[in-house]
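Q: I am new to this structure and would like a close look at how its strands are arranged into sheets. Please take me through that part slowly.

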Amino acid sequence: MKLVLTSGDISNEEIYNKVIELVGKPAKDISIAVLIEASAVEEGDKRWLINGLSRLTAQFFGEIDIVNLLALQKHEVERRLAKADLIYCFGGCTEWLKVVFEKTGFSAKLPKLLEEKVWVGSSAGSMILGKMPSTETQSYIYSIDNYFGVDKYLGIVNFSILPHIFGAFVPLDSFQKCLEESKKQDYPVYVLSDDSAVIVENNKVYLLGKKCFKLFAGEIAEQR
């Protein structure tokens, strides 16, 4: 399993180079399947998504396909994902992303896909693979008011991710809330700035980038 779980994007050179290394091809030959479902229920300016797609076109030069899980038949989703070297899942609402994954059967297919493809997640696209942070913590940090009936994420990896910490749109005491969150859980909590990522490379889990932390039981276990 090869995962690059980011808070923002892969503009950090160290993270970008790791993606290329994990795929095992030069950037000019890497093809990407993009998932954007998590953004569908979020109202407002979508320049962050447009800019993110634009960055991908500047970073990679193989085919970039947007694969809409809700619009396509399962066999067509599978065929188009099979062509890609890398699956890039953009952010938005993690809970809605879980609803889509369940409704389309993608949740059941994903573990097998992750044996074959590199997964790059951004925000919700990273969080979905792990454990779900408490609604108390998420509501405070991200002002979430609709969880769409979701009470757990996929749990493919045994940790949770709290992205965008230290950013301009989260409360100033968000890191303290993350420490409190880690006291409630029996697994690590990764706290990411938008310039960092958690890397899962087979059996190794480690941090890349800047201003990121692994928390456990209310303490900092690792940081960069």
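A: What follows describes the two sheets, one strand pairing in each, and some residues around them.

This is a predicted model, in which local features need pLDDT of at least 70 and side-chain atom pairs count only at pLDDT 80 or more, while totals for chains, interfaces and linings use all residues. Residues are numbered from 1 along each chain as its sequence is written, and side-chain values use heavy atoms, with hydrogens and water left out.

Some terms come before the sheets. Helices (H or I, at least four residues) and strands (E, at least two) are DSSP runs, numbered from the N terminus. Two strands pair if DSSP finds at least two bridges between them. In general, strands of a sheet pair through backbone hydrogen bonds, either parallel or antiparallel.

One open sheet is built from 7 strands with mixed pairing, and their order is β3-β2-β4-β5-β1-β8-β9. Its edges are β3 (64-66) and β9 (204-209), each of which pairs on one side only. On average, neighbouring strands of this sheet are turned by 20 degrees against each other, direction ignored; axes are lines fitted to C-alpha atoms, for helices over the stretch in contact, and angles run from 0 to 180 degrees between N-to-C directions. Strand β2 (residues 32-35) runs parallel to β3, and 3 bridges join the two. Here Ala33 stands opposite Asp65 in β3.

The loop between β3 and α3 (74-82) holds Gln73. Gln73 is exposed, with a relative accessible area of 56%; exposed means over 50%, buried under 20%, and partly exposed in between (1.4 Å probe, protein chains only). Between the C-alpha atoms of Gln73 and Glu222, which are 149 residues apart along the chain, the separation is 43 Å.

The other open sheet has 4 strands, ordered β6-β7-β10-β11, and its pairing is mixed. Strands β6 (160-162) and β11 (219-223) are its edges, each pairing on one side only. Neighbouring strands of this sheet are turned by 30 degrees against each other on average, direction ignored. Strand β10 (residues 212-216) pairs with β11 in the antiparallel sense over 4 bridges. Within this pairing, Leu215 has Ile220 in β11 as its bridge partner.

Helix α8 (residues 174-184) lies across β6, β7 (189-192), β10 and β11, and runs at about 35 degrees to β10.

Another helix, α5 (residues 106-113), contains Ser107. Ser107 is buried, with a relative accessible area of 13%. Apart from neighbours within four places in sequence, Ser107 is in contact (heavy atoms within 4.5 Å) with Phe101, Glu102 and Leu154.
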